[in-house]
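User: I am new to this structure and would like a close look at a single part of it. Please take one helix contact and explain what surrounds it.

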Amino acid sequence: MEKRKINRKDFEPWNKWIIPDELKNLLSNCPNVYILQDRKDILNLAIGDKDNEIFTVYYQSENSTAIEATVTKCKNGLVINYLEEYMRRRDPDCTIVGDNLDTDKVKFKGLFNKDFDEIRLETFKWLEKQDLALLPIMVGGNNTGFHGLLVAPENAGFFIGGLADLQGILDLKKLKVKFKPITIIFLAPPFRHTHFNKKQYVIHNRYNGVHEIFSYNLYPGPSAKKGIFGVLLQIGEKEGWLTLHGSTVQAETPYENVTTILHEGASGGGKSEMLEYPHREPDGRLLLGENVLNNKKIMLRLTQSCILKPVTDDMALALPKFNKSSKKLVVSDAEQAWFIRLNHITKYNTDPTLESICVHPKEPLIFLNLYGVPNSTCLIWEHTEDRPGKPCPNPRVILPRKFIPNIINEPVEIDYRSFGIRTPVCTREKPSYGIVGLFHVLPPALAWLWRLVAPRGDSNPSIIDTYNLSSEGVGSYWPFAIGKYVTHANLLLKQIIKTPETRYLLFPNQHIGAWKVGFMPQWISREYIARRGVAKFKPEFLMKSRCALLGYVPVSMQLEGQNIPEYFLRTELQYEVGEEAYDIGAKILIDFFKKELKKFLKPELEPIGREIIQCCLDDGSLDDYVNIIKMRW
């Protein structure tokens, strides 16, 4: 592979960049520097040499060798596998703040009882001894005008390739101004072993006007993806706008009506699934649910699904310039590729569209946590096992937007903002918060509360431990943010108030009462909502949920002439649940909300926000929430 090699005897282009002098010195002193501007070169770098079939990524320290991952060259791309089960998913507590500026996140000094400056300088000394690769990137796409830079050891080519796909390579030759990155990512994988007891850590350090990210692990989720998310959130916190944690899709019915839905939620809440077509049984029907106690199945026939036109997968930019004339929320994608989880693809023909793209891609893809045999085709339903008989719950593919059919590249107006929660089984014998029906309509005040609390829910596959009800944090993006959570609460509230024509829904996934449903509730509801279009709900069509936090439920629901059983809309009607178990589950949910909401009662909180939270703490009724912010049916 021909590398663009620069040494100290040659012209050093970084001297013309607007970057810190200490970075210029680091680059001038290290053995070699490769400036990467071409995806093919990056993928060749990731395999060590274009003729290699397997490449081992390892790092030598004074006393040991740490093997981090293997890279296997398959016909359809590179397959990355980590040796440690722990490294195959994101640690939810890995984001740490290294500076002393305002934050509600854990600070490095508080965690390690010393300033980050010491580790920062050690990181630079280590990098100075390496052959380095530099990757100039866009940050948030073309709409922002923000740029970034990755500084990485050259053997971390797959990580470099992941970031290149996710954010896009910045062509320095076409840049009309001097290159001035607002963020710089420093990748130093062995520090996980030498300094942090093998734990993943991503340190955000706001230093002299540059948002530095120190990535001490090779899983791209916390830094290449969520690290950039954190940068955008920090900019938005200063400028008064948000990057939302949600997928966006335009659903076009067989009658050519188009409805646009932004689906938000904690990891595992169904964001990527909102962009998928409903999974069908071998006979073409849809499995609405299977009763976990008696194995009864409810099937539906859907002759023709909506045509899906994806807009965003995970990071939705809501820039102020998008909303100059609309009373609806307007968003565009903050990414150039999507980090798609594949745990639900367990056999051939589960998702024919995605399978076809991944098996026969236009260009080689980057896969993680999947079986890869040299020169064979990587199949996305063959997941790496964490241990014998237990597949890794977090297999992934990084899929460039340009490969996705019907993709929309312009900002779009949002008709509905939905929120997803993973729900466990709920029965008389085992009451739980799995009481959410097929879909709920939320008034704006309740929609805001759900985004503050952002329940992570049951058995989350994307991160390390979420078997109990826990909070992802404000906006469901809090694990990636580094500022003040009350500031984000205020920004979310103002956004909701300024976009009164966008309406709000709540979807469960995994279980509805005693029924196992997977992601079918949001797929079925999307089809139903799209067929309704932007028509407002008549008050007589909705009834109050037994639990006020769940807003309204449909009185009845019919899809292509088929009635949805009423007990899928109101779980207290299930024989296996009943009102007593429902009320226990409702109390679990209410108590959880009260516990999480108290921390927002700060002096900086907007008065209307304080009123909404107090309404919850005082066990307010659904009418009380509607009276605080009027609901446009």
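Analyst: In this predicted model, the residues L449, W450, L452 and V453 of helix α9 meet L589, F592, F593, E596 and L597 of helix α13. The axes of α9 and α13 lie 10 Å apart and pack at an angle of about 75°; since angles of 65 to 115 degrees count as roughly perpendicular, the two helices are therefore described as roughly perpendicular to each other. Sorted by class, the contact of α9 with α13 holds 8 nonpolar residues, 1 charged residue and no polar ones.

One residue on the α13 side of this contact, L589, can be followed further. With a relative accessibility of 0%, L589 counts as buried, because the cut-off for that word is under 20%. Apart from its neighbours within four places in sequence, L589 is in contact with Y433, W450, L469, L549 and L550, and W450 is one of the α9 residues named above. The pairing with Y433 joins distant parts of the sequence: L589 and Y433 are 156 residues apart along the chain, yet their C-alpha atoms are 5.9 Å apart in space.

On the α9 side, L449 touches F593, L597, I612, I613, C616 and Y625, when residues up to four places away in sequence are not counted. Of these, F593 and L597 belong to the α13 side of the contact with α9, while I613 and C616 are residues of helix α14 that take part in its contact with α13.

That second contact deserves its own description. Helix α13, residues 578-597, and helix α14, residues 607-617, pack with their axes 9 Å apart at an angle of about 140°, which makes α13 oblique to α14. The crossing of these two helices is left-handed, and the contact is made by F593, K594 and L597 from α13 together with I613, C616 and L617 from α14. Its residues divide into 5 nonpolar and 1 charged, with no polar ones. F593 and L597 thus appear in the contacts of α13 with both α9 and α14.

These residues also lead to a wider setting. The largest nonpolar core has 210 residues, and those with the most contacts inside it are F158, W448, L449 and F593. Helix α9, residues 444-453, gives the most to this core, with 8 residues. As a general background, nonpolar side chains tend to be buried together in soluble globular proteins.

Definitions and conventions:
Residues are numbered from 1 along each chain as its sequence is written. This is a predicted model: local features need pLDDT of at least 70, side-chain atom pairs count only at pLDDT 80 or more; totals for chains, interfaces and linings use all residues. Side-chain values use heavy atoms; hydrogens and water are left out. Axes are lines fitted to C-alpha atoms, for helices over the stretch in contact, and angles run from 0 to 180 degrees between N-to-C directions. Helices (H or I, at least four residues) and strands (E, at least two) are DSSP runs, numbered from the N terminus. Angles under 35 degrees count as roughly parallel, over 145 as roughly antiparallel, 65 to 115 as roughly perpendicular and the rest as oblique. A crossing is left-handed if the near helix is turned anticlockwise from the far one by less than a right angle, and right-handed if clockwise. Contact means heavy atoms within 4.5 Å. Ala, Val, Leu, Ile, Met, Phe, Trp, Tyr, Cys and Pro count as nonpolar, Asp, Glu, Lys and Arg as charged, and the others, Gly among them, as polar. A nonpolar core is a set of buried Ala, Val, Leu, Ile, Met, Phe, Trp, Tyr and Cys residues joined through side-chain atoms within 4.5 Å. Buried means under 20% relative accessible area, exposed over 50%, partly exposed in between (1.4 Å probe, protein chains only).
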